[in-house]
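Here are a few exercises to work through with the model open beside you. Try each task before reading its solution.

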Amino acid sequence: MLRTTKTALLAALMVAAVSTHAAAQEDPEAGDIRVDLPARKAPPRDRDEPQIRTRKQVGEVGPLRVYGGFQVAVGGEVQVEDFGGIDADPTIGIQGGVDYVLHEYFSIGGEMRLLWFKADTSTDRTLLWDLVVKPRGRYAFNNIPLEVYGTLPIGLTVPGDIQLPAAGEVNGKAGFTVGLAAGANWFFTQHLGVNAEIGWQFHKIRAEEFGASAEIKLNQLVLLCPNFVYAF
């Protein structure tokens, strides 16, 4: 009987110990039993995995840009009414402009040029003052600070006095200019960059003196290099 009593007491002590452990694991507020699981570790990153650079990592370029630089136009003829075509000497000039990005693939701006052209038989150069609107279809790369574009500039041309063969200096009248060009902007800082452009440029103006008139057409290949660009 003594052995039976000892066995019963031992069983009671074991039940009490199990009950006490379960009560210690119980949440006193929610009444639920907490189960602590080991934290999961994030899988190791592959060191060879390529990193994609976004435009913000490269440096976001502002939508408003101002620029200026030099222009050289070569080839073509100065076609004068009643005199035929005369080879054109290289045209030199300067220009400045502003461009605003309206869309990821489109921007628009304006440009002013001061150009000096000369027919091969003339002694002096003639000033052309161009005011043009310059829409651009554009594409900006995400991983390098490069923008490429195509443009169709069109606008007004105001000439100075014009040297005509066998007629001397005559008064120039306002005309128009149109062109087709492709170019690129490379930004070596977030704000400062360089531009290069190549294309075709056409001018049509009139000249009048003492009742006589002449129509002048200038058709040339244009190189703009370099232009300096500042983006806000």
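**Exercise 1: strand β6 and its neighbours**

Task: Work out how β5 and β6 pair, and over how many bridges. Then find which strands else pair with β6.

Solution. Keep in mind that this is a predicted model.

Step 1. Start with β5 and β6: they pair in the antiparallel sense, over 12 bridges. To find your place in that ladder, take W116, whose bridge partner in β6 is L127.

Step 2. Now go to β8, residues 154-159, which pairs with β6 over six bridges, again in the antiparallel sense. Here V133 has I154 of β8 as its bridge partner.

Step 3. Finish with β7, residues 146-151, which runs antiparallel to β6 and is joined to β6 by five bridges. Within this pairing, Y139 is bridged to V148 of β7. Follow the chain from β6 to β7 and you pass through a hairpin of five residues.

**Exercise 2: an arginine in β6**

Task: Decide whether R136 is buried or exposed, and say which ring R136 lies over.

Solution.

Step 1. Place the residue: R136 belongs to strand β6.

Step 2. Check the accessibility. The relative accessible area of R136 is 5%, and the cut-off for buried is under 20%, so R136 counts as buried.

Step 3. Look for a ring. R136 sits over the face of Y149, 4.3 Å from the ring centre.

Step 4. Add a contact in sequence terms: D99 is 37 residues away from R136 along the chain, yet their C-alpha atoms are separated by 9.0 Å.

**Exercise 3: sorting aromatic pairs**

Task: Classify the ring pairs Y139 with F141 and W200 with F202, and say how accessible each of these residues is.

Solution.

Step 1. Get the total: the structure has five aromatic pairs.

Step 2. Take Y139 and F141. Their ring centres are 5.0 Å apart and their planes stand at 90°, so this pair is edge-to-face. Y139 is partly exposed at 37% relative accessibility, and F141 is partly exposed too, at 28%.

Step 3. Take W200 and F202. With ring centres 6.3 Å apart and planes at 20°, this pair is stacked. The two residues fall in separate accessibility classes: W200 is partly exposed at 38%, while F202 is buried at 16%.

Step 4. Widen the view around Y139: together with Y105 and F141, Y139 forms one aromatic cluster.

**Exercise 4: the largest cavity**

Task: Say how many cavities of 30 Å³ or more the structure has, then describe what lines the largest cavity.

Solution.

Step 1. Count them: a search of the whole structure turns up five cavities of 30 Å³ or more. The largest has a volume of about 130 Å³.

Step 2. List the lining. There are 19 lining residues, and those closest to the centre of the cavity are R113, P153, E197, W200 and Q201. You've met W200 already, as one ring of the stacked pair with F202.

Step 3. Assign the lining to strands. Two or more lining residues come from each of β5 (106-117), β6 (126-140), β10 (168-187), β11 (192-209) and β12 (212-231).

Step 4. Sort by class: the lining holds 10 nonpolar, five polar and four charged residues.

Technical notes. Residues numbered from 1 in each chain as written. Predicted model: local features only at pLDDT ≥ 70, side-chain atom pairs only at ≥ 80, totals over all residues. Heavy atoms only, no water. 1 Å grid on protein atoms, 1.4 Å probe; cavity = no way out; pocket = protein on both sides within 12 Å on 5 of 7 lines; lining within 4 Å. Points joined across faces, edges and corners; volume = space filled by probe spheres on them. Helix = DSSP H or I, 4+ residues; strand = E, 2+ residues; numbered from the N terminus. Nonpolar A, V, L, I, M, F, W, Y, C, P; charged D, E, K, R; others polar. Phe/Tyr/Trp six-rings, centres within 6.5 Å; stacked < 30°, edge-to-face > 60°. Buried < 20%, exposed > 50% of the residue type's maximum accessible area, 1.4 Å probe, protein only. Lys NZ or Arg CZ within 6 Å of the ring centre and 35° of its normal. Pairing = 2+ DSSP bridges.
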